[in-house]
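I opened the file to go through helices, ring pairs and contacts. The entries below follow the order in which I looked things up.

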Amino acid sequence: ALSMFGTTVGLYGIPWCKKSLLLTVLMSVIGASMGILDTGGNVLALNTWGAEAGPHMQALHFSFAAGAFVAPILAKMALGGSESTDLPVAGKTNRSVARSVPTASAVSAASALKHHFGTEFLWSYVVIGTYLLFVSFFFFILYSKGSSARDKSKASPQKSVFAKYHYALIFLLCIFFCCYVGAEVTYGSYIFTYAKVFAEMKENEAAALNSVFWGAFAACRGVAIFCAACLYPGTMILLSIVGSAVSSLCLVFFARYVAVLWVGTAVYGASMAAIFPSGISWIEQYTVVQGKSGYLQGRFHHVPVVMYTALVTSAMTVVLFPLMYKLARSPSESDLKERSESEDRKALLSNSGLNEDEE
């Protein structure tokens with residue numbers, strides 16, 4: 001509730017910013033609030049549904065993917081009429097003069113464009129901020145109504161099962177997610193520029209390729225909601241990292257083929273969809289989960305840096321997940337002790353001739 005309220009404050013304030021320092025502060029508030037929301041939302045889902053949190057976790061992250069897919073479309077609709085408003089461009093020989101002495105038509109066109117942008121984006125920020133404010137109040141109400149339930153949960157002892165290599169698992173999971181999220185953000189953020197610079201696509205084709213990535217990403221996260229009800233999280237992770245590794249490998253070597261670029265982007269987006277929520281659901285089964293790259297195409301025009309980044313991070317996830325699985329399956333000291341006591345009890349029962357009920 002507090003994180004969404006902080007985001008609301010930032011969104012309401014941004015359209016009225018006249019100073020870069022104030023804009024930086026508001027953007028920092030939004031960034032911190034969203035970071036708290038992301039982490040706290042995952043832990044809240046685990047605390048609420050426990051072992052059955054798999055589908056709910058997938059649904060939570062599906063909402064992120066759906067927003068990433070819909071937001072550019074809404075922004076394009078908001079800016080639909082701005083492309084027809086063009087500033088007059090002087091000839092090449094008179095550009096310096098035009099920059100120093102703006103004409104009346106240029107000033108009027110610039111003011112009209114600024115007014116158009118201001119009106120459209122003002123309402124965009126207000127609408128999104130109001131929606132978040134409503135959701136924030138909803139969570140505040142839930143918090144106030146759930147005080148008695150929290151008191152009861154604190155009074156009752158909770159069983160906390162820590163894996164034998166708890167801290168090693170958490171550390172490796174952080175690296176695993178760092179590679180995964182880095183690949184997701186890098187590819188989703190720069191595939192448009194990559195398509196224009198490296199693949200030499202037209203702007204509308206590059207935008208469509210970007211939509212294919214996020215569309216496949218969002219669609220497969222929606223499908224993962226139902227898959228999580230019948231598939232083990234480890235199985236979903238394994239299928240995802242194999243798909244991402246194969247697709248990124250094909251993109252590295254065959255990215256110059258347009259068909260491979262389109263299909264590989266769709267498969268890569270679909271493969272990346274279920275890793276993050278499945279990873280949280282997977283690690284929660286073995287240990288307690290608590291709430292305690294850039295663009296280089298400008299320098300290397302003939303090297304598919306984005307594709308190599310996707311391949312390296314996919315390879316890292318392929319290596320890290322089996323290692324985490326091995327550590328997670330290692331029996332802890334309490335498990336060994338319980339197993340030893342169980343074996344001793346069975347031996348005593350077999351020697352005494354009594355069954356367990358009679359004992």
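**Entry 1: Leu249 and overall make-up**

I began with Leu249, which sits in helix H9 (residues 233-254). The model is a predicted one. Leu249 is partly exposed because its relative accessible area is 39%. I then took the C-alpha distance from Leu249 to Gly264, 15 residues apart along the chain, and got 9.2 Å.

For context I read off the secondary structure: the protein chain has 13 helices and zero strands. Written along the sequence, the pattern is α-α-α-α-α-α-α-α-α-α-α-α-α. The protein chain has 359 residues, and 33% of them count as buried.

**Entry 2: helix H10**

Gly264 also turned up in my list for H10, where Leu261, Gly264, Thr265, Tyr268, Gly269, Ser271 and Met272 are buried. These residues cover an arc of only 160 degrees around the axis, so they lie on the same side of H10. Ala259 and Val263 are exposed, and they are on the other side of H10.

I checked the length of H10 as well. Helix H10 (residues 258-272) has 15 residues, which at 1.5 Å a residue should span 21 Å; the end C-alpha atoms are 21 Å apart, so the two agree.

**Entry 3: Ile191**

Next I went to Ile191, in helix H7 (residues 166-197). Is Ile191 buried or exposed? Its relative accessible area is 0%, so Ile191 is buried. Leaving out residues up to four places away in sequence, I listed what Ile191 touches: Thr186, Leu209, Asn210, Thr265 and Met307. Thr265 is one of the buried residues of H10. The C-alpha atoms of Ile191 and Ala206 are 7.6 Å apart, with these positions 15 residues apart along the chain.

**Entry 4: Gln58**

I looked up Gln58 in helix H3 (residues 54-78). Its relative accessibility is 1%, therefore Gln58 counts as buried. With residues up to four places away in sequence not counted, Gln58 touches Arg221, Ala224, Ile225, Ala228, Met236, Ala274, Pro277 and Ser278.

**Entry 5: the salt bridge**

How many salt bridges does the structure hold? I found one. Lys196 pairs with Glu203 in this salt bridge, and the closest N and O atoms are 4.0 Å apart. Side chains of opposite charge can pair when their charged atoms come close. I also noted the accessibility of both partners. Lys196 is at 36% relative accessibility and so counts as partly exposed. Glu203 is at 53% and so counts as exposed.

**Entry 6: aromatic pairs**

I then turned to the rings. A pair of aromatic rings is described by the distance of the centres and the angle of the planes. The count came to 15 aromatic pairs. In the pair of Phe213 and Phe217, the ring centres are 6.2 Å apart and the planes are at 25 degrees, so the pair is stacked. The cut-off for stacked is planes under 30 degrees apart. Both Phe213 and Phe217 are in helix H8 (residues 203-227), four residues apart, which is about one turn of the helix. Phe213 counts as buried because its relative accessibility is 0%. Phe217 counts as buried because its relative accessibility is 1%.

I compared this with Phe254 and Tyr257, an aromatic pair that is tilted, with 6.4 Å centre to centre and 45 degrees between the planes. Phe254 is at 41% relative accessibility, so Phe254 counts as partly exposed. Tyr257 has a relative accessible area of 53% and is therefore exposed.

Last among the rings, I traced a cluster linked by ring pairs: Phe176, Phe177, Tyr180, Phe276, Trp282, Phe321 and Tyr325.

**Entry 7: the UniProt record**

I pulled the UniProt annotation, an unreviewed entry, for the transmembrane regions. The record puts "transmembrane region" on residues 20-47, 59-79, 122-144, 165-192, 212-232, 237-259, 265-284 and 305-325. I set two of these spans against the model. Residues 20-47 are 100% helix and 0% strand, and their end C-alpha atoms are 40 Å apart. Residues 165-192 are 96% helix and 0% strand, with end C-alpha atoms 41 Å apart.

Terms used:
Residues numbered from 1 in each chain as written. Predicted model: local features only at pLDDT ≥ 70, side-chain atom pairs only at ≥ 80, totals over all residues. Heavy atoms only, no water. Salt bridge = Lys/Arg side-chain N within 4 Å of Asp/Glu carboxyl O. Buried < 20%, exposed > 50% of the residue type's maximum accessible area, 1.4 Å probe, protein only. Helix = DSSP H or I, 4+ residues; strand = E, 2+ residues; numbered from the N terminus. Expected span 1.5 Å × (residues − 1). Arc of directions from axis to C-beta. Phe/Tyr/Trp six-rings, centres within 6.5 Å; stacked < 30°, edge-to-face > 60°. UniProt positions renumbered as here; feature names shortened; annotations may be inferred. Contact = heavy atoms within 4.5 Å.
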